[in-house]
Amino acid sequence: MRFTNKICVMMAMVLMLAVGCSKAETTGEVKTLNAQAVQDVVAQSKGKVVVLNFWATWCPPCRAEIPELVELRKKFSDDDLMMIGVSVDPDVADVKEFMSKDAQFNYPIYFADSDVGSFFKLESIPRTLVFDTKGKKVFDKSGSFPGSMFEAFINKLLKDR
């Protein structure tokens, strides 16, 4: 019975997280996600393409990429695309300040817990992972990429589903 309760609580948390990862603009609140929670979001998003972007406020290429990602998000419905930004800044306060002054996001932004960097083997940022509609990782690269490249790739993945 105790194991069943844990499963129910975990599923409820994943569902709340997935509901929070909609196209609606972020509110300025930045929740912390551990590696398992990131994996759970991807697993719960089957049927959608998932774009997972690791970034930081102090990273010029990351900051330059944000408008491209915002524009990319506008081109797909919530039924087709789940986009998530995960900040690897040293302090969540830096992310909150950046979000309140410098950037307008139309996708959810989270703060990486201490296990995220090692789990995803983050060595440089920005780093973007793309998962197909079945949850399989199909893209994993560091560096900044044009939104048009991702748009074509996402359209192909959606066509192939």
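1. Contact here means heavy atoms within 4.5 Å. On that basis, residues 24 or more positions apart account for 76% of the contacts in the protein with a separation of 6 or more. The model is a predicted one.

2. Overall content: the protein has six helices and six strands. Read from the N terminus, the elements follow the order α-β-α-β-α-β-α-β-α-β-β-α. Of the 161 residues, 43% are buried. The exposed surface comes to about 8,700 Å², with carbon and sulfur atoms supplying 56% of it.

3. The sheet is open and holds six strands, ordered β1-β4-β3-β2-β5-β6, with mixed pairing. Its edges are β1 (31-33) and β6 (137-142), each of which pairs on one side only. From one strand to the next, the twist averages 25°.

4. Within the sheet, β2 (residues 49-55) runs parallel to β3 (residues 81-87), and seven bridges join the pair. Which residue of β3 does Trp55 stand opposite? The partner is Ser87.

5. Two helices on the sheet deserve comment. Helix α4 (residues 92-101) packs there and touches β2, β3 and β4 (109-112). The direction of α4 makes about 160° with that of β4. Helix α6 (residues 147-159) also packs on the sheet, in its case touching β2, β3, β5 (127-131) and β6. The angle between the directions of α6 and β6 is about 170°. Strands β2 and β3 are thus touched by α4 and by α6.

6. Helix α6 can be checked for length. Its 13 residues reach 18 Å from the first C-alpha to the last, close to the 18 Å expected at 1.5 Å a residue.

7. Which residues of α6 are buried? They are Gly147, Phe150, Ile154, Leu157 and Leu158. These residues lie on the same side of α6, because they cover an arc of only 95° around the axis. The general background is that an α-helix has 3.6 residues a turn, so residues three or four places apart point the same way. Ser148 and Lys159, on the other side of α6, are exposed.

8. What do the buried residues of α6 pack against? Their partners are the strands β2, β3, β5 and β6, together with helix α3 (60-74). The strands in this list also appear among those that α6 touches where it packs on the sheet.

Conventions. Residues numbered from 1 in each chain as written. Predicted model: local features only at pLDDT ≥ 70, side-chain atom pairs only at ≥ 80, totals over all residues. Heavy atoms only, no water. Pairing = 2+ DSSP bridges. Helix = DSSP H or I, 4+ residues; strand = E, 2+ residues; numbered from the N terminus. Axes fitted to C-alpha atoms, helices over the stretch in contact; angles between N-to-C directions. Buried < 20%, exposed > 50% of the residue type's maximum accessible area, 1.4 Å probe, protein only. Areas by Shrake-Rupley, 256 points an atom, 1.4 Å probe, with all protein chains shown as cover. Expected span 1.5 Å × (residues − 1). Arc of directions from axis to C-beta.
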